[in-house]
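Me: I would like to go through one model by question and answer, with each reply ending on the value or name asked for.

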Amino acid sequence: MQDSSPILLWLRRDLRMQDAPALAAACASGRPVVPVFIRDASVDNLGAAPKWRLGRAVEVFAASLAENGSRLILRSGNARDVLLDLVRETGAADVYWSRLYDPASVERDTAIKSDLKKAGLAVHSFATALLFEPWEVATGGGGHYKVYSPFWRAVRGRDVAAPSPAPSAIPAPDRWPLSETLDQWDLSTPMRRGAEIVGRYTEIGEAAAQRRFDAFLDDDLAQYAHDRNALDRVGTSGMSPYLATGEIGPRTLWHAAMRAHHDGNAGAETYLKELVWREFAWHLCWHTPHILHRSWREEWDAFPWNKDENHPDAIAWKRACTGVPLVDAGLREMQVTGTMHNRARMVVASYLTKHLMCDWRIGQRWFEQHLVDWDPASNAMGWQWVAGSGPDAAPYFRIFNPETQRKTFDPDGTYVARWIAEGQESPPRTALDYFEAVPARWNLRPSAPYPEPTVGLAEGRARALAAYDAARGGSGSDNPG
Ligand SMILES: Cc1cc2nc3c(=O)[nH]c(=O)nc-3n(C[C@H](O)[C@H](O)[C@H](O)COP(=O)(O)OP(=O)(O)OC[C@H]3O[C@@H](n4cnc5c(N)ncnc54)[C@H](O)[C@@H]3O)c2cc1C
């Protein structure tokens, strides 16, 4: 007799219809599918902006399921208990999910899988979030990669499964289990007034992701190798927030860029390489999970970082009032839009860890609170790359000069003017929005004089190099992004 018991589809970071192997497999079974999103500790512990962004993505995906005759069941609590409750309520015999690779999710999912199996359920996990499973890419000696370039050479010619189409139908159960509501969850509370501002600059959902990606392919990919560094125009794909929530899958991006590459598009290979930086970050995170919390190179533990979150230098940086225009512009862009140009990320990170000698984790945590594209692996790798403490990191003595960077990548001052209101007679909306997005208790005013530099650029550089000479460490190679 054919099994007609429902399948529980536990959605996490795969909020899409296309290139969604777990959803496709559940639908292909012909059995009723019960999609569920669980608000557990992994959601509660998110930073303010990623939590708000995830909530919006869940809302949009729930609407898209509803358009297809399905529903998204929302439950909160310990994921194992929620799943077992739903198994009892629905009579489900199978649980499907897409794999996650951060250590906390791996630990949780492994324990849940074992408990569900003990309870007699079949559990299927699917590869969805990455192009290459981290354990499937190995060096000739069988180890993992620590340097990007050989990693890229190892994967660039590999087959990547084609993205699956959206299911033509999502079979529904006869009776739906009860669901909580997103209003009850209120995932936007920690964003406070910032949510409204960032919301204006954010388009949510799979359709929005696809639209933006198509426009990027048509208009920007050919110049990407050059324009991706330009601060004064939008030359990148803007896919990172959608990848973070799984509103678009990396296979969709990979295959489109690969087709463009074969058609002779000059920017396509550079784009493929950037997608592989994301893979490399997850490869590192899987094999050396301490990258998330500790200096990847142990010798950096002894470096005299300033670890005080509330040190005036750290506060000036967080408030985007360092007096260094490009640094402040990048940090303000993040407060207003929830994202920051990659070039600016490198400059603000270098300024914090080198000119101000603050511990890279202060910046890592700040980004974790404010980026709607927050990705634990890319964030940790990015910070440790800039700080010099990571694998394949920039050498510590490579200190970005924010003024030289500004002249090269924002020669007309367009980017700085977009984000810094002080000193402008009629500042643009973008620059003014900063003052609306940040906490009112910071008491910042666009009419105030622009702050004096926290530290002179030459002085900060000399201080950092002296500390580095005293502590000794670091090695060099490619530039991520
Ligand atoms: C200090 C620091 C922190 C960062 N934190 C994050 C983070 O939390 N989340 C995040 O997604 N990226 C992070 N990055 C990487 C990079 O800045 C963003 O991925 C990029 O700016 C996203 O814009 P985009 O989608 O338009 O990129 P595009 O240039 O269009 O690139 C396409 C995709 O390639 C990947 N990619 C590009 N550059 C990198 C890179 N350097 N490292 C890893 N993947 C990359 C991203 O998935 C990106 O969406 C960080 C970089 C630095 C230096």
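Reply: Before the questions, one cut-off is needed: a polar contact is a pair of N or O atoms within 3.5 Å, and within protein one must be able to donate a hydrogen and the other to accept it. The model is a predicted one.

Me: How far is the backbone nitrogen of Ala20 from a polar atom of the side chain of Ser164?
Reply: Ser164 sits in the loop between helix 6 (148-155) and helix 7 (182-185). The cut-off for a polar contact is 3.5 Å. The pair formed by the Ser164 side chain and the Ala20 backbone nitrogen is listed at 3.3 Å.

Me: What separates the C-alpha atoms of Ser164 and Asp19?
Reply: Leaving aside neighbours within four places in sequence, Ser164 is in contact with Gln18, Asp19, Ala20, Pro21 and Ala24. Asp19 is 145 residues from Ser164 along the chain, yet their C-alpha separation is 4.4 Å.

Me: Which residue has a polar backbone atom 2.8 Å from a nitrogen atom of the ligand?
Reply: Backbone atoms of several residues come into question here. Ser240 has a polar backbone atom 3.0 Å from a ligand oxygen, and for Asp375 a backbone N or O atom is 3.1 Å from an oxygen of the ligand. The pair with a ligand nitrogen, at 2.8 Å, belongs to Asp373.

Me: How much of the area that the ligand exposes when taken alone does the protein bury?
Reply: The ligand is surrounded by 28 residues, with Tyr224, Thr236, Ser237, Gly238 and Asn342 the closest. A backbone N or O atom of Asp375 approaches a ligand oxygen to 3.1 Å. Alone, the ligand exposes 820 Å², and the share buried by the protein is 95%.

Me: How many charged residues does the shell around the ligand have?
Reply: The shell holds 28 residues. By class, 14 of them are nonpolar and 9 are polar. The charged residues number 5.

Me: Which three residues supply 48% of the area that domain 1 buries against domain 2?
Reply: The chain is divided into domain 1 (1-128) and domain 2 (292-471), with centres 37 Å apart over C-alpha atoms. Their contact takes 8 residues from domain 1 and 7 from domain 2. About 590 Å² is buried between the two domains, and carbon and sulfur atoms give 69% of this area. On the domain 1 side, 48% of the buried area, more than from any other three residues, comes from Gly47, Ala49 and Pro50.

Methods:
Residues are numbered from 1 along each chain as its sequence is written. This is a predicted model: local features need pLDDT of at least 70, side-chain atom pairs count only at pLDDT 80 or more; totals for chains, interfaces and linings use all residues. Side-chain values use heavy atoms; hydrogens and water are left out. Helices (H or I, at least four residues) and strands (E, at least two) are DSSP runs, numbered from the N terminus. Contact means heavy atoms within 4.5 Å. A residue is near a molecule or strand if one of its heavy atoms lies within 4 Å of it. Accessible areas come from the Shrake-Rupley method with a 1.4 Å probe; for residues, only the protein chains shown count as cover. Ala, Val, Leu, Ile, Met, Phe, Trp, Tyr, Cys and Pro count as nonpolar, Asp, Glu, Lys and Arg as charged, and the others, Gly among them, as polar. Domain bounds come from an automatic or database domain assignment. Buried area is the accessible area (1.4 Å probe) that two parts lose on being put together, summed over both.
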